[in-house]
Protein chains: 2
Amino acid sequence: MAKRKTISIKDVARESGASLTTVSLVLNDRDHRISPATRERVLKAVDRLGYRPNRLAQGLQSQKSGLIAILVPQLRHAFADAYFGELISAIHDHASEVGYKILLEVARPEFIKSNQHQELFDRHFVDGILCCGVTNKDVYLKEFAGAGRAVVVVNNYLPSFKLNHVCCDYKAAGRMAGEYLLDLGHRRMGLIHGAQEVQTSLDLQHGFEEALRDAGVKLPASLVEDGLYTEEGGEAAAKRMMKRNPGVTAILAGNDKMAIGAITGLKDAGFRVPEDVSVVGCDDMHQAGYCDPPLTTVHTPIYELGKRACERLMDLIKGRVDIVEEIHPVNMTIRKSASPPKPA
Amino acid sequence: MAKRKTISIKDVARESGASLTTVSLVLNDRDHRISPATRERVLKAVDRLGYRPNRLAQGLQSQKSGLIAILVPQLRHAFADAYFGELISAIHDHASEVGYKILLEVARPEFIKSNQHQELFDRHFVDGILCCGVTNKDVYLKEFAGAGRAVVVVNNYLPSFKLNHVCCDYKAAGRMAGEYLLDLGHRRMGLIHGAQEVQTSLDLQHGFEEALRDAGVKLPASLVEDGLYTEEGGEAAAKRMMKRNPGVTAILAGNDKMAIGAITGLKDAGFRVPEDVSVVGCDDMHQAGYCDPPLTTVHTPIYELGKRACERLMDLIKGRVDIVEEIHPVNMTIRKSASPPKPA
DNA sequence: TTTGATATGTAAAACGTTTTACCAGAGGCG
DNA sequence: CGCCTCTGGTAAAACGTTTTACATATCAAA
């Protein structure tokens with residue numbers, strides 16, 4: 001183990017015959033008080049020694065860590081998920097563009113209970129936090145509200161208290177899917193939502209109901225199932241629904257995973273998709289183009305959203321804005337999993 | 001923005017009437033030189049003030065950052081991938097168990113070119129790095145070799161120089177899949193590999209060839225296609241292969257994504273799976289159980305592997321070991337995408 | 001020649017910890 | 001009494017930066 005001696009700004013000062021302060025001034029290009037000659041000497045020395053500033057020291061001095069945290073919920077395997085993956089990818093891309101690095105955190109119960117989400121700030125681990133996959137049950141988020149902490153909720157929001165957020169318009173998504181299916185001629189439709197405690201899931205349902213109601217169509221409780229946001233859940237939900245309501249001709253799922261699960265379940269129960277039952281998803285993940293049949297789904301601009309959330313978080317950190325509230329539009333991606341209902 | 005004053009150990013000292021040193025000693029439980037009485041006083045003060053040590057200061061003092069980086073390659077959207085997701089998930093779980101936090105980094109060309117991978121160490125960003133998804137072309141890894149830096153390659157290794165690694169036995173995987181298909185009665189089989197520059201991909205191929213050769217079966221170059229580790233690639237590769245070799249009855253794919261793509265491609269070209277062509281994948285990702293037909297695949301213990309890699313990295317950081325070289329066994333998960341070939 | 005500005009540079013403080021080295025008092029022992 | 005060893009505690013140095021406030025030399029103007 002060749003222990004390479006860590007070299008500090010002091011070494012550079014000695015090597016270049018300048019003072020500590022001078023080196024720092026040169027490196028940070030503060031005021032250009034330093035003459036080109038010494039400047040040159042210092043830079044040469046930096047190069048020769050391969051000096052790199054210690055960011056722990058920098059952070060201590062500046063009271064900035066240069067990191068932001070991404071907080072994701074504890075799912076089966078939190079990161080093995082295309083939706084969060086896309087979000088994280090977007091955030092990372094933008095953060096590193098502006099010189100920030102990102103820390104990954106999973107909001108498990110112990111994590112929250114031991115107040116580690118607060119400690120991320122208190123202990124100067126990070127300068128800001130992006131919260132993904134939050135639900136209405138995440139009451140701990142309240143502790144972030146208005147406390148002068150740089151926190152942004154990504155693709156959701158909390159109805160019970162004000163929190164910075166950047167979100168897609170899920171009500172419009174539900175409405176859009178509803179109108180699309182109505183246009184195809186469907187009159188008996190079901191919904192598989194992700195979770196009653198997720199606000200965007202409720203919004204989707206409300207939008208869907210609204211579209212149906214405007215066309216004089218009802219969405220009774222018996223046609224609403226919980227699909228848990230998973231393939232398995234979607235599969236089971238679809239089977240339950242078809243058992244209780246064999247006459248259903250179309251299903252809207254709250255995300256693509258449940259939609260794909262639903263397709264599996266429908267096929268398994270002897271229904272053809274889309275000939276017997278149409279299925280519409282929501283998200284438009286990469287995978288949606290590669291199932292059988294390729295999924296018709298509401299496209300939510302997840303990547304773009306992650307990027308925006310990151311940008312706005314930076315604004316909060318730099319003090320350029322005080323609150324963040326953004327809603328982004330969505331649109332439909334038509335593939336092959338939805339068609340007109342078969343003539344009765 | 002209510003700026004909450006950051007409170008330091010000095011405040012605790014004043015509040016408790018003890019010295020700075022005493023407070024530190026109490027908090028770190030170094031020698032129990034402190035009397036229970038003062039100990040109590042200090043702890044009370046800590047509680048009253050809600051003091052939390054600043055980890056930048058701690059890091060500066062200890063020369064440890066308490067962070068490890070996960071380095072992933074730049075794919076389409078690096079994190080939106082079940083394989084890397086699983087790995088990251090495992091690493092995060094174990095790291096946080098031992099008090100470490102994780103930093104995400106994508107190894108883009110600019111990142112490497114500007115030497116940021118080295119700077120992660122030089123600038124004291126992290127104490128160690130886990131490299132995922134590396135290829136034989138990642139020559140920059142050489143700079144990590146033997147330099148006394150805590151680096152572990154996860155689920156791969158480099159043939160051209162020694163680097164710490166924890167890896168699955170892909171040669172055995174190839175052999176196992178080959179033997180399984182041979183046992184089913186297949187004699188004309190193709191391979192869709194991920195990339196010629198990935199060592200484990202080559203190992204898989206060698207194992208597969210070996211099994212076939214042992215049974216007197218050849219794997220000519222015309223039956224080997226590149227599937228780019230993606231669904232699209234797998235689909236295209238399967239189509240190319242069947243066009244050139246309509247007599248093929250089974251295909252082994254280097255990962256599940258390509259296998260699923262291949263199934264899509266085969267169906268599209270009019271083949272039934274597995275009746276006309278059997279498909280075997282590799283990885284056993286969650287998704288493998290939810291395609292049509294459910295995928296028969298070689299199970300590589302990815303989660304376990306990520307955890308082990310993290311454990312061994314800790315060993316390196318703490319100086320408990322000097323080198324790491326682990327190979328983990330694999331096994332088959334039988335589902336429905338492979339069956340005996342139809343009688344000719 | 002003095003005065004004052006300007007240009008270039010530096011010493012020292014500060015950020016918040018941990019660790020090292022030292023100190024005072026108490027008790028034991030010859 | 002003189003010496004030594006504990007016990008409980010603290011002052012100060014160190015980690016590596018940035019920033020503030022001061023110092024010196026030069027030069028122009030009065």
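Me: Which residue of chain A comes closest to the rotation axis?
Reply: This is a predicted model, in which local features need pLDDT of at least 70, side-chain atom pairs count only at pLDDT 80 or more, and totals for chains, interfaces and linings use all residues. Residues are numbered from 1 along each chain as its sequence is written, chains are lettered from A and ligands numbered from 1 in the order in which they are written, and side-chain values use heavy atoms, without hydrogens and water. With the copies superposed by least squares on the C-alpha atoms of residues with pLDDT of at least 70 in both, the C-alpha atom that comes closest to the axis, at 2.3 Å, is that of L103(A).

Me: By what turn can chain A be laid on chain B?
Reply: The superposition gives an RMSD of 0.1 Å, with a shift of 0.0 Å along the axis. The two copies are thus related as by a two-fold rotation axis. The turn is 180°.

Me: How many residues of chain A are in contact with chain B?
Reply: Contact means heavy atoms within 4.5 Å. The same surface serves both copies, as 100% of the contact residues of chain A recur in chain B. On the side of chain B there are 60 contact residues, and on the side of chain A there are 60.

Me: What area is buried between chain A and chain B?
Reply: Buried area is the accessible area (1.4 Å probe) that two parts lose on being put together, summed over both. Carbon and sulfur atoms give 55% of the total, which is about 5700 Å².

Me: Which residues of chain A lose the most area to chain B?
Reply: Three residues together account for 13% of what the side of chain A buries. They are L56(A), K101(A) and Y290(A).

Me: Which element gives the largest share of the side of chain A that touches chain B?
Reply: Helices (H or I, at least four residues) and strands (E, at least two) are DSSP runs, numbered from the N terminus. Several elements of chain A each supply at least two residues to this side, among them α4 (55-62), β2 (101-107) and α12 (302-317). The largest share, eight residues, comes from α5(A).

Me: How many salt bridges are found across the interface of chain A and chain B?
Reply: A salt bridge is a side-chain nitrogen of Lys or Arg within 4 Å of a carboxyl oxygen of Asp or Glu. One example joins the side chains of E105(A) and K101(B), at 2.7 Å from N to O. Across the interface the count is six.

Me: Which residue of chain B stands opposite L104(A)?
Reply: Two strands pair if DSSP finds at least two bridges between them. Three bridges join β2(A) to strand β2 (residues 101-107) of chain B, and the two strands run antiparallel. Opposite L104(A), in β2(B), stands I102(B).

Me: Why does the salt bridge of D268(A) and K239(A) tie together parts that are apart in sequence?
Reply: The closest N and O atoms of D268(A) and K239(A) are 2.8 Å apart. D268(A) lies in helix α11 of chain A and K239(A) in helix α10 of chain A, so the parts tied together are apart in sequence by 29 residues.

Me: Which residue joins P274(A) through a cis peptide bond?
Reply: P274(A) is found in the loop between α11 and β9 (278-283) of chain A. Omega is about 5° for this bond, and the partner of P274(A) is V273(A).
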